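Visitor: I would like a close look at one part of this structure. Please take me through the sheets strand by strand, and then show me what lies around them.

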Amino acid sequence: MTLYPNHGDQTLFLVISGPSGAGKSTLIRHFLDQHPEFVRCISVTTRSPREGERDGVDYFFTPPDAFQARIHAGEFLEYAQVYGQHYGTPRAFIAEHFAAGRSVIKDVDIQGAIQIRRSFPPAVQVFIVPSSRHEIERRLRARATDSPEAIKRRLGDAELELAQWSEYDYLVYNDELAQAAADLAAIVRAEQIKAPGRGGHHI
C-alpha cells in the first residue's frame, strides 16, 4: 500500500430526487451550465418521441421487446413502468462517460433511487427539498401541464416522497436557485476530496 494518496478518480454519479414541484429540472439545468465536466444521463424509454424530441438527446427511444431484452441482460441501473411505458437508466451511458473522465447527473424518482442504491452504491444521492407545500403547488400549477386531479395526486405523492429524505446522502433546500446550485456544487467538491474507500466506481 502506498503511503501517499493520489488524486484518484474524481468522476461521480450524482442522483437527484425529490417531489414533483421541487424544482429539480431547473436546478439541474442551472448546475450543468456552471459545470461542463458533468453530463445529464439520458434515459431509455419505450414511449414514442414527442414533437421536437430527438433520439440520443432527450431519450434513447427503443421498442418494448428490445427494452425487455436489456432488462434480462442487466443493462439498467434502474427501470420502471410509468403509465404503461418503460423507462430505464443505462449502465453503458454512465460507464462511457466515466471512462472519458466525465461525471454524470440524473433525476430519478424515489423508487429509482432505491434501485440505484442496490445496483451502484457509490452513487451520491441528493434529495431536493422544496421550501413549502404551498410552493410545490404553485410550481405545479405554473407548469399548466396537469389537470386539477393530477395536481391533487402529485401533491399527495409529494407528502409520501418527502418522508424518504433520511435515506439520502445529502439534502439541498431549493428556496433560492443560485444558493441551491452552490450547495450542489459543494456536495460535489466534498465527494471529490473524500478519502478513498466508498467501494470504487465500477459500473
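Guide: We begin with one sheet, move to the other, and finish with the salt bridges and a helix end.

Keep in mind that this is a predicted model. The protein chain has 7 helices and 9 strands. Of its 203 residues, 41% are buried.

Start with the open sheet of 5 strands. Read across it and the order is β2-β7-β1-β8-β9. The pairing is parallel. Which strands stand at the edges? They are β2, residues 38-40, and β9, residues 170-174. Each has a single partner strand, so one side of each has no neighbour in the sheet. The sheet also twists. From one strand to the next, the twist averages 25°.

Now look at the β2 edge. Its partner is β7, residues 103-107, and 3 bridges join the two. They run parallel. Pick out V39: its bridge partner in β7 is V104. What holds such pairs together? In general, strands of a sheet pair through backbone hydrogen bonds, either parallel or antiparallel.

Helices come next. Helix α1, residues 24-34, packs on this sheet. It touches β1 (13-17), β2, β7, β8 (124-130) and β9. The direction of α1 makes about 165° with that of β7. Helix α4, residues 110-119, lies across β1 and β8. Its angle to β1 is about 150°.

Turn to the open sheet of 4 strands. Here the order is β4-β3-β6-β5, and the pairing is mixed. The edges belong to β4 (60-61) and β5 (76-82), and each pairs on one side only. Find β3, residues 44-45, and β6, residues 85-90. The two run antiparallel and are joined by 2 bridges. In this pair, V44 stands opposite G88 of β6.

On its way to the edge, follow β6 to β5. These strands are antiparallel too, with 6 bridges between them. A80 faces Y87 in β6. The two strands make a hairpin, with 2 residues between them. Look at the turn: Y83 has a positive phi of about 50° there.

Next, the charged side chains. How many salt bridges does the structure hold? It holds 3. One joins E53 and R47, at 2.9 Å from N to O. R47 is buried, because its relative accessibility is 7% and the cut-off is under 20%. Another joins E75 and R70, at 2.8 Å. Both of these side chains belong to partly exposed residues: E75 has 34% relative accessibility, and R70 has 23%.

The remaining pair is K194 and E191, at 3.0 Å. Its two members sit differently. K194 is partly exposed, with a relative accessible area of 38%. E191 is buried at 8%.

Finish at Q192, in helix α7, residues 177-192. Is Q192 buried or exposed? It counts as buried, because its relative accessibility is 18%. Leave aside its neighbours within four places in sequence, and Q192 is in contact with Q10 and L12.

Contacts across the sequence also show in the whole chain. Take the contacts with a separation of 6 or more: residues 24 or more positions apart account for 68% of them. As for the outside, the accessible surface comes to about 11500 Å². Carbon and sulfur atoms hold 52% of that surface.

How values were computed: Residues numbered from 1 in each chain as written. Predicted model: local features only at pLDDT ≥ 70, side-chain atom pairs only at ≥ 80, totals over all residues. Heavy atoms only, no water. Pairing = 2+ DSSP bridges. Axes fitted to C-alpha atoms, helices over the stretch in contact; angles between N-to-C directions. Contact = heavy atoms within 4.5 Å. Buried < 20%, exposed > 50% of the residue type's maximum accessible area, 1.4 Å probe, protein only. Areas by Shrake-Rupley, 256 points an atom, 1.4 Å probe, with all protein chains shown as cover. Salt bridge = Lys/Arg side-chain N within 4 Å of Asp/Glu carboxyl O.
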